[in-house]
Amino acid sequence: MHINTEETSKKYRNLTVDISNKSVLLTNFLDSGQEKELTVPPNCKGFGRIRHFRRKTSDRWPPNALPIDPAAKALSLSTTLEELKAQVFQTASCNWRCWYCYVPYKLLSANDKYSEFLTISEIVDLYLDNEDRPKVIDLSGGQPELVPEFVLWVMEELIKRDLQNEVYLWSDDNLSNDYFWRYLSEKDIELIVNYKNYGRVGCFKGFDEDSFSFNTRANPELFNQQFNLMKRYIDTGLDMYAYVTLTSNNKRNIKDKVKRFIDRMQQIDENLPLRTVPLEIQVFDPVAPRLKEEHEIGLEAQNEAIEVWKNELINRFPSSLLNKNIANIPLSFLKVGKG
């Protein structure tokens with residue numbers, strides 16, 4: 001049975017945001033089960049974790065420049081950074097259940113045993129209390145875009161404290177809903193779009209309807225919605241990037257499917273594939289108990305799909321673009337000189 005994305009999104013939004021108090025339900029990692037996956041202990045009284053974004057990946061997979069290069073560009077850091085530390089705050093709900101998600105499902109259901117409402121002011125206070133705080137804040141999940149106000153409120157708080165030029169803000173989006181437009185005003189959207197030190201990544205969950213539904217448990221019809229939402233984001237002028245996961249339980253005609261997927265991306269913007277990082281799915285501890293035979297097939301399929309992806313980019317783009325910093329890849333509607 002497929003997840004009812006619309007109803008599930010409404011349910012978890014209501015459980016994850018308190019509009020009147022500008023509060024968001026955040027995961028507390030202490031004794032959550034996820035903390036054993038962390039390279040360093042949770043910080044911010046358990047509500048934060050340090051993530052080390054690393055450029056180097058497995059030998060067969062392209063390097064992951066996100067959010068290293070966008071953050072380095074915004075903060076005038078070295079363009080040769082191989083690793084970037086970020087302060088992560090993780091919303092406590094998600095409307096999908098991706099089988100490969102490294103977050104335990106119990107931390108995706110607004111479970112008050114592992115989460116608590118914090119005001120935006122309290123969140124920023126926790127961040128500032130860290131003596132060795134990173135210059136990057138990552139608003140993650142879950143699906144943080146169930147609460148699009150989260151990004152907005154953090155921006156407003158950073159501006160209030162005159163930190164908008166010192167901190168780079170990064171957020172994830174699983175491209176599952178239109179809440180960015182449904183719940184934010186035009187003025188809100190304008191602030192987010194024109195905020196200088198901000199980047200957003202949307203994750204495509206598969207390369208066709210079947211792989212999308214296999215990965216998310218959502219209705220396969222919502223595969224197409226991902227493209228519509230990505231186009232709307234890019235059209236606003238946001239500094240948008242993309243991830244794609246290439247797992248599928250069907251290994252037939254992978255070459256044609258991946259090629260069609262890239263075609264669809266280029267219908268949004270010709271250069272969008274160059275602002276996209278394919279993510280290799282690996283088996284973390286929370287994932288292992290979920291694995292069935294079809295998931296083993298999915299892990300194998302991604303290795304075939306990534307070869308197609310790499311070859312297609314070589315065939316479609318000149319080396320001058322292929323070798324360009326991901327943060328400098330132009331998109332048609334990307335606004336220049338924000339600030």
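This note goes through the two sheets, the helices against them, one cavity and some backbone exceptions.

1. Basis. The model is predicted: local features need pLDDT of at least 70, side-chain atom pairs count only at pLDDT 80 or more, and totals for chains, interfaces and linings use all residues. Residues are numbered from 1 along each chain as its sequence is written, and side-chain values use heavy atoms, with hydrogens and water left out.

2. The 7-stranded sheet. This sheet is open and mixed, in the order β3-β4-β6-β7-β8-β9-β10. Strands here are DSSP runs of E with at least two residues; helices are runs of H or I with at least four; both are numbered from the N terminus. Two strands pair if DSSP finds at least two bridges between them. β3 and β10 are the edges, each pairing on one side only. From one strand to the next, the twist averages 30°. Axes are lines fitted to C-alpha atoms, for helices over the stretch in contact, and angles run from 0 to 180 degrees between N-to-C directions.

3. Inside that sheet. β4 and β6 are parallel, with 4 bridges. F89 has L139 in β6 as its bridge partner. Helix α2 packs on the sheet and touches β3, β4, β6, β7 (168-173) and β9. Its direction makes about 155° with that of β7. Contact means heavy atoms within 4.5 Å. Helix α4 also packs on the sheet, touching β4, β6, β7 and β8 (198-205). The angle between the directions of α4 and β7 is about 175°.

4. The β9-β10 end. Strand β9 (residues 240-245) pairs in parallel with β10 (residues 276-279) over 4 bridges. The chain passes from β9 through helix α9 (residues 254-268) to β10, in a right-handed β-α-β crossover. Right-handed means that, with the strands pointing away from the viewer, the path from the first strand over the helix to the second runs clockwise. T245 is opposite L279 in β10.

5. The 3-stranded sheet. The second sheet is open and antiparallel, ordered β1-β2-β5. Its edge strands are β1 (17-18) and β5 (115-119), each paired on one side only. β2 (residues 23-27) and β5 form 5 antiparallel bridges. T27 is bridged to S115 in β5. Helix α4 (residues 149-160) lies across β1 and β2, at about 105° to β2. Thus α4 packs on the 7-stranded sheet and lies across strands of the 3-stranded one.

6. The cavity. The count is 1 cavity of 30 Å³ or more. The largest cavity holds about 30 Å³. A cavity is a set of points, on a 1 Å grid over the protein atoms alone, where a 1.4 Å probe fits but cannot get out; lining residues have an atom within 4 Å of a point. Points are joined across faces, edges and corners, and the volume is the space filled by probe spheres set on them. The lining includes T27 and S115, the bridged pair of point 5. A92, K106, L107, A110, N111 and Y114 also line the cavity.

7. Backbone to check. Most residues other than glycine have a negative phi, and most peptide bonds are trans. A110 is not a glycine, yet its phi is positive, about 55°. A110 sits in the loop between β4 (83-90) and β5, and is one of the cavity-lining residues. The L66 to P67 peptide bond is cis, with omega near -5°. P67 is in the loop between β3 (48-54) and α2 (68-75). G141 and G142 are also joined by a cis bond, with omega about 15°. G142 lies in the loop between β6 (136-140) and α4.

Notes. On a 1 Å grid over the protein atoms alone, a cavity is a set of points where a 1.4 Å probe fits but cannot get out, and a pocket is an open set with protein on both sides within 12 Å along at least five of seven lines; lining residues have an atom within 4 Å of a point.
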